[in-house]
Amino acid sequence: MTTTWAAILVLAGGCYALKLAGLSLPSGVLERPLVRRVALTLPVALLAALVAVQTAADGSRLVVDARWAALAVAAVALTLRAGFLVVVVLAAATAAGLRAAGLA
C-alpha cells in the first residue's frame, strides 16, 4: 500500500472517530449556550475562510485576478437576494468573461 492510501485510510478513520465522538456526547453538553453558539457560527467562519483563501491565494502568493471580480458580483447578487444558482452562474460568467477578454 502506498503512503497516499495509508494517509487516506488514517484520515477516514479519524473522521469516523470524530463523528462517533460527537454522537456519543451527552445531550447536556450539546444544550450549553456556548456549544450551541460555536456550532452555529463555526461553519460560517470556515466557509468564509475557504472563500478567502480560494479567492486571494495561488499557492503562497496573493493574487488579484478574475476571482475577485466574481466574488464582488456574487456579493452584490447575494445582497439583492438572488437565488444560489443565480449567484453561482453570475460569478462564473463574470470570471469566464474577464478571462476570455484577457483582462485577468
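**A pocket, a kinked helix and an exposed threonine**

Tutor: In this predicted model, the largest pocket holds about 470 Å³ of space. Of the 15 residues lining this pocket, V51, L71, A74, V88 and A91 are the closest to its centre.

Student: Which elements give two or more residues to the lining of the largest pocket?

Tutor: They are α3, α4 (66-79) and α5 (84-100), and α5 gives the most, with six residues.

Student: How do the residues of that lining divide into nonpolar, polar and charged?

Tutor: The lining of the largest pocket has 12 nonpolar residues, two polar ones and one charged one.

Student: How do you know what helix α3 should span, and what do its end C-alpha atoms show?

Tutor: Helix α3 covers residues 33-56, which is 24 residues, and the expected span takes 1.5 Å times one less than that number of residues. The expected value is therefore 34 Å, and since the end C-alpha atoms lie 34 Å apart, the two agree.

Student: Where in α3 does a kink lie?

Tutor: The kink, of about 30°, is at T41, shortly before the proline P43.

Student: Why is T4 called exposed or buried, whichever applies?

Tutor: T4, which has its place in helix α1 (residues 3-24), has a relative accessibility of 52%. The word exposed is used for values over 50%, so T4 counts as exposed.

Student: How far apart are T4 and L30, in sequence and in space?

Tutor: T4 and L30 are separated by 26 residues in sequence, while in space their C-alpha atoms are 35 Å apart.

Notes:
Residues numbered from 1 in each chain as written. Predicted model: local features only at pLDDT ≥ 70, side-chain atom pairs only at ≥ 80, totals over all residues. Heavy atoms only, no water. Helix = DSSP H or I, 4+ residues; strand = E, 2+ residues; numbered from the N terminus. Bend = angle between axes of the 7 residues up to and from the residue. Buried < 20%, exposed > 50% of the residue type's maximum accessible area, 1.4 Å probe, protein only. 1 Å grid on protein atoms, 1.4 Å probe; cavity = no way out; pocket = protein on both sides within 12 Å on 5 of 7 lines; lining within 4 Å. Points joined across faces, edges and corners; volume = space filled by probe spheres on them. Nonpolar A, V, L, I, M, F, W, Y, C, P; charged D, E, K, R; others polar.
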